[in-house]
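Please work through the following exercises with the sequence and the model in view. Each task is followed by a solution in steps.

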Amino acid sequence: MSAPELNITPTAKMKGARLMNPFNGMLRLWCFDVGSVSFLGTGLLGMVLGCITALQGKSDSAELLFSMGIVSSSAAVAWQLIRLMASECAQLIPHYRRHIYIQSAAVLTSVFGISVLFCLALGSTSSLPTLVLALVMSFAFICLCLLSTQWFYASFLLFVLVPFISLITAYIPLWLSAIALVALGAFIIRACRALPWRAEARTVYLNGLEMGWFWLPNLQSMRILSRFERYLHPTNFFIGPMLTILLLLIPAVCLVLGVLSHQFHQNFPVLLLLAQFSVISCALVHWSRVQRSRSTETLLLMPGFDGRKGLIAAFCRGQQRLLNVVVGIMLACSLLLGWLSGDLNMPLVGHLVLSTYWACALTLGFGCMCRRVLHVTLTMMFVAGHSLWVSISLASLRDGGNLGDWFIWDMLLMILGSIVLFWGKKTLWKGDVISG
């Protein structure tokens with residue numbers, strides 16, 4: 001072999017390394033990771049529904065769904081960065097971190113670009129400040145996660161703010177959002193250049209998989225809460241006291257927001273927010289069940305269950321109790337906020353309660369059929385579907401319509417939800433380790 005050939009071969013290898021496709025393996029990294037696909041799937045669903053509602057001329061609903069798509073995609077990006085910091089070998093694999101950075105930028109650019117192009121193409125230029133502010137909030141969340149991975153536990157707060165982004169844009173000009181976007185983007189680039197390995201990132205990664213990315217304090221020592229947990233047992237066995245605290249915290253926060261909305265004469269979608277998180281709470285029941293499936297045998301060995309059939313019957317009774325509690329909370333908050341505002345609309349209250357019932361029933365019923373985390377992730381589409389259902393019905397009511405037709409569909413969906421709950425009981429733990 002001649003000398004020139006020896007000199008050319010390493011150069012060719014270096015060029016091949018530089019020209020390596022940064023999107024190789026993206027499907028495996030993003031769509032086969034439980035945390036990433038959960039947020040990415042929600043973002044994709046928001047984008048698809050946003051495009052559909054934008055084509056139908058419903059700009060308010062499109063803004064909400066596009067914002068949800070941007071926020072969900074940013075949460076997936078933050079999750080990938082936390083996984084990088086949790087992996088000890090990330091710095092040893094050539095081009096691994098660089099590919100994650102490029103893929104993350106491509107995800108955010110694609111989601112934001114599609115949202116902006118859709119709004120501009122349909123002449124909805126007033127939505128641009130809302131989308132930019134949603135991206136600013138997303139960048140701020142990623143920055144907080146880079147500073148301290150513990151901030152990822154507060155990812156649910158990012159989704160809580162989504163319905164209020166359009167209201168916040170009235171106080172923040174577009175040029176200020178653009179400056180903040182550039183500053184936050186520069187900080188993210190600088191932080192990613194020297195992304196260290198962090199022991200706490202691994203803790204967040206593992207806890208996030210089991211807890212569904214919620215962190216709440218433990219108030220189990222309170223006697224009333226202990227009785228309430230026994231009332232829901234064994235449905236709350238896998239998720240633990242988090243379900244009890246969620247059922248207390250969510251209506252409390254919504255009532256505070258409702259009081260503030262009435263005090264400052266703002267039209268916050270408080271009841272819509274309450275309904276969405278009620279459905280999410282039901283989805284987390286089966287999320288934790290699938291994540292901690294090894295604990296099923298421990299639950300089966302506990303006294304009080306007559307074998308596998310007795311356990312399934314008790315679990316489904318607990319689901320029905322949870323469903324009754326969620327619907328009762330929705331009814332009480334709707335009546336209280338309606339009385340507070342002096343505009344108690346009973347048809348609207350009935351529509352919200354019925355729609356919450358069938359959305360939670362479908363989530364719990366299909367959740368019983370899930371045996372993998374990916375299956376439970378798909379049940380999250382009921383959150384977006386229910387949000388779109390309520391948003392369109394409220395828009396119809398504001399335009400002078402009535403809720404008569406919506407009531408008919410609510411009743412039909414309630415029947416469907418009851419059927420799915422019964423069907424779920426037949427398939428729960430079917431063919432699992434405790435069968436036979």
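The exercises below concern a predicted model and proceed from the whole chain to helix pairs and single residues.

**Exercise 1. Overall composition**

Task: State how many helices and strands the protein has, and determine what share of its residues is buried.

Solution:
- Step 1. The secondary structure comprises 19 helices and zero strands.
- Step 2. Of the 436 residues in the protein, 49% are buried.
- Step 3. Among contacts between residues at least 6 apart in sequence, 81% join residues at least 24 apart.

**Exercise 2. Helix 6 and helix 9**

Task: Classify the relative orientation of helix 6 and helix 9, and describe the residue classes of their contact.

Solution:
- Step 1. Two packed helices are described by the angle between their axes and the distance between the axes.
- Step 2. Helix 6 covers residues 128–147 and helix 9 covers residues 174–193; their axes cross at roughly 30° and come within 9 Å.
- Step 3. Angles under 35 degrees count as roughly parallel, and helix 6 and helix 9 are therefore roughly parallel to each other.
- Step 4. The crossing of helix 6 past helix 9 is left-handed.
- Step 5. Contributors from helix 6 include Val132, Val136, Phe139 and Cys143, while those from helix 9 include Leu181, Leu184, Phe187 and Cys192.
- Step 6. This contact of helix 6 with helix 9 contains 21 nonpolar residues, two polar and no charged ones.

**Exercise 3. Helix 4 and helix 18**

Task: Decide whether helix 4 is roughly parallel or antiparallel to helix 18, and identify the residues in contact.

Solution:
- Step 1. The axes of helix 4 (residues 59–86) and helix 18 (residues 381–398) lie 10 Å apart, at an angle of about 160°.
- Step 2. An angle over 145 degrees counts as roughly antiparallel, so helix 4 is roughly antiparallel to helix 18.
- Step 3. Helix 4 passes helix 18 in a right-handed crossing.
- Step 4. Helix 4 supplies Asp60, Ser61, Leu64, Leu65 and Met68 to the contact, and helix 18 supplies Ala384, Ser387, Leu388, Ser391 and Arg398.
- Step 5. Sorted by class, the contact of helix 4 with helix 18 holds five nonpolar, three polar and two charged residues.

**Exercise 4. Helix 16, its partner and Thr356**

Task: Characterise the packing of helix 16 with helix 19, then establish whether Thr356 is buried or exposed.

Solution:
- Step 1. Helix 16 (residues 346–368) packs with helix 19 (residues 404–427) at an angle of about 25°, the axes being 8 Å apart.
- Step 2. That angle makes helix 16 roughly parallel to helix 19.
- Step 3. Helix 16 passes helix 19 in a left-handed crossing, and their contact has 17 nonpolar, eight polar and one charged residues.
- Step 4. Thr356 belongs to helix 16; its relative accessibility is 0%, so Thr356 counts as buried.
- Step 5. Leaving aside residues up to four places away in sequence, Thr356 touches Ala275, Ser278, Val326, Met330 and His386.

**Exercise 5. Cysteines**

Task: Determine how many disulfides the structure holds, and examine Cys145 and Cys282.

Solution:
- Step 1. A disulfide is a covalent bond between the sulfur atoms of two cysteines.
- Step 2. Searching the whole structure yields zero disulfides.
- Step 3. For Cys145, the nearest cysteine sulfur is that of Cys143, 9.3 Å away; Cys145 has 2% relative accessibility and so counts as buried.
- Step 4. For Cys282, the nearest cysteine sulfur is that of Cys360, 3.8 Å away, whereas the cut-off for a disulfide is within 2.5 Å.
- Step 5. Cys282 also counts as buried, because its relative accessibility is 0%.

Methods
Residues numbered from 1 in each chain as written. Predicted model: local features only at pLDDT ≥ 70, side-chain atom pairs only at ≥ 80, totals over all residues. Heavy atoms only, no water. Axes fitted to C-alpha atoms, helices over the stretch in contact; angles between N-to-C directions. Helix = DSSP H or I, 4+ residues; strand = E, 2+ residues; numbered from the N terminus. Parallel < 35°, antiparallel > 145°, perpendicular 65-115°, else oblique. Left-handed = near helix turned anticlockwise from the far one by under 90°. Nonpolar A, V, L, I, M, F, W, Y, C, P; charged D, E, K, R; others polar. Buried < 20%, exposed > 50% of the residue type's maximum accessible area, 1.4 Å probe, protein only. Contact = heavy atoms within 4.5 Å.
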